[in-house]
Amino acid sequence: MRCPFCGHEDTQVKDSRPHEDGAAIRRRRICASCGQRFTTIERIQLRDLIVVKADGRRVPFERDKLARSVRIALRKRPVDEERIERIVNGLVRHLEAAGEPEILSIDIGRRVMETLREVDSVAYIRFASVHWDFRETKDFAAILETISTSVAADVTPQDGENPPVDDK
Ligand SMILES: [Zn+2]
């Protein structure tokens, strides 16, 4: 791997160890030219995914983007970094294993919401309020309802802009 500091082609691995419960490998590297050290994380990627946005645009799936939105939802909540990584890995693995090369962004949002609901109620509401268009108070009430009853009910907005999706 190329050195991010000087661009030198030859960097050496000094140390490799399992990361995120073995779902990834963390490598400490040192540049043979400038001596700078840096870390790389190697993760399993089962397949390349394409995200279909609400407006129909298609963009490559980005793990970092998903991880960022999960982190924002869980900010200052009692969930440590290691667990967040496991949550994100679980989400990605699920999406990759779904068998479809293209995934609707609304389906990803729904999957994240289902996961967060089990992890932390506050994070769940935060994520839901960002990713769903709550124009009606009843939509938000519906979200709260799913928390208090913990029923695995669908929380599709009644009159949102998101396209309808067939549940499998
Ligand atoms: Zn270097």
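**Notebook: core, helices and sheet**

I went to the largest nonpolar core before anything else: it holds 17 residues, and Val70, Leu91, Val112, Leu116 and Phe127 are the ones touching the most other members. A reminder to myself that this is a predicted model.

Next I asked which helices feed this core with at least two residues each. I found α1 (63-73), α2 (81-97), α3 and α4 on that list. The top contributor is α2, which gives 5 residues. I keep one general point beside this: in soluble globular proteins, nonpolar side chains tend to be buried together.

I then picked Leu116 and looked up its contacts, leaving out residues up to four places away in sequence. Leu116 touches Ala73, Ala123, Tyr124 and Phe127.

**The α3/α4 pair**

How do helix α3 and helix α4 pack? I read an angle of about 160° for α3 (residues 105-119) against α4 (residues 121-131), and their axes are 8 Å apart. Because angles over 145 degrees count as roughly antiparallel, I noted α3 as roughly antiparallel to α4. On the α3 side, I listed Gly109, Val112, Met113, Leu116, Arg117 and Val119 as making the contact. From α4, the partners are Ala123, Tyr124, Phe127, Ala128 and His131. Sorted by class, I get 8 nonpolar, 2 polar and 1 charged residues for this contact.

**The sheet**

I turned to the strands next. Three of them form an open sheet, ordered β1-β2-β3, with antiparallel pairing. Which strands stand at the edges? They are β1 (11-19) and β3 (37-43); each has a single partner strand, so one side of each lacks a neighbour in the sheet. Ignoring direction, I noted an average turn of 25° between neighbouring strands here.

I also checked how β2 (residues 24-31) is joined to β3: there are 7 bridges, and the two strands run antiparallel. As one spot to look at on screen, I marked Arg27, which stands opposite Thr40 in β3.

**Whole chain**

Stepping back, I counted 5 helices and 6 strands in the protein. Read along the sequence, the pattern is β-β-β-β-β-α-α-β-α-α-α. What share of the 168 residues is buried? I got 15%. Last, I looked at contacts between residues at least 6 apart in sequence, and 47% of these join residues at least 24 apart.

Note on methods: Residues numbered from 1 in each chain as written. Predicted model: local features only at pLDDT ≥ 70, side-chain atom pairs only at ≥ 80, totals over all residues. Helix = DSSP H or I, 4+ residues; strand = E, 2+ residues; numbered from the N terminus. Buried ≥ 20, exposed ≤ 12 C-beta atoms within 10 Å, placed from the backbone. Contact = placed C-beta atoms within 7 Å. Axes fitted to C-alpha atoms, helices over the stretch in contact; angles between N-to-C directions. Parallel < 35°, antiparallel > 145°, perpendicular 65-115°, else oblique. Nonpolar A, V, L, I, M, F, W, Y, C, P; charged D, E, K, R; others polar. Core = buried A, V, L, I, M, F, W, Y, C linked by C-beta atoms within 7 Å. Pairing = 2+ DSSP bridges.
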